[in-house]
Amino acid sequence: FPPKKNSKSDQTFFIIEGRLQILIFNSEGKITEKIVLSKKNNIYARVKKNVYHCDIPLSKYSIHLETKSCIFNKKINKKAKFKFNLKKILRNN
């Protein structure tokens, strides 16, 4: 999914099956942090509100739960305006 930010609430990711990578971006689109979730190591991650992020499955199957303390709508969840090249990011992993 393209990078986005939640303007009203933090968001928590909890891995159930597989592996999931959470990428954190600054406002210019530079990756500032990479978090890999798996049942063996890190099972959850929290992303603060107003922080650009995206989640990318790293395994054939990736099941996770996302929670936040607000509703989902386009006014609260804003897509990033910077360019995002998923293929380039996956090559550099």
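Residues with a relative accessible area under 20% are classed as buried, those over 50% as exposed, and those in between as partly exposed. In this predicted model, Phe-84 has a relative accessibility of 26% and therefore counts as partly exposed. Phe-84 belongs to an aromatic cluster that also holds Phe-25, Tyr-52 and Phe-82.

A search of the whole structure returned 3 aromatic pairs. One of them joins Phe-25 and Phe-82, with ring centres 5.4 Å apart. The planes of these two rings meet at 40°, so the pair is tilted. Phe-25 lies in strand β3 (residues 19–25), whereas Phe-82 sits in the loop between β8 (77–79) and α1 (86–91). The contact therefore ties together parts that are 57 residues apart in sequence. Phe-25 is buried, at 5% relative accessible area. Phe-82 is also buried, at 14%.

Phe-25 pairs with Phe-84 as well. Here the ring centres are 6.0 Å apart and the planes stand at 80°, so the geometry is edge-to-face. This pair links distant parts of the chain, 59 residues apart: Phe-25 in strand β3 and Phe-84 in the loop between β8 and α1.

The model also contains an open sheet of 3 strands, ordered β5-β2-β7. Its pairing is antiparallel. Strands β5 (44–47) and β7 (63–68) form the edges, each pairing on one side only. Neighbouring strands of the sheet are turned by 20° against each other on average, direction ignored. Strand β2 (residues 11–17) is joined to β7 by 6 bridges. Within this antiparallel pairing, Gln-11 has Lys-68 of β7 as its bridge partner.

Conventions:
Residues are numbered from 1 along each chain as its sequence is written. This is a predicted model: local features need pLDDT of at least 70, side-chain atom pairs count only at pLDDT 80 or more; totals for chains, interfaces and linings use all residues. Side-chain values use heavy atoms; hydrogens and water are left out. Two strands pair if DSSP finds at least two bridges between them. Helices (H or I, at least four residues) and strands (E, at least two) are DSSP runs, numbered from the N terminus. Axes are lines fitted to C-alpha atoms, for helices over the stretch in contact, and angles run from 0 to 180 degrees between N-to-C directions. Rings of Phe, Tyr and Trp (its six-membered ring) pair if their centres lie within 6.5 Å; planes under 30 degrees apart count as stacked, over 60 as edge-to-face and the rest as tilted. Buried means under 20% relative accessible area, exposed over 50%, partly exposed in between (1.4 Å probe, protein chains only).
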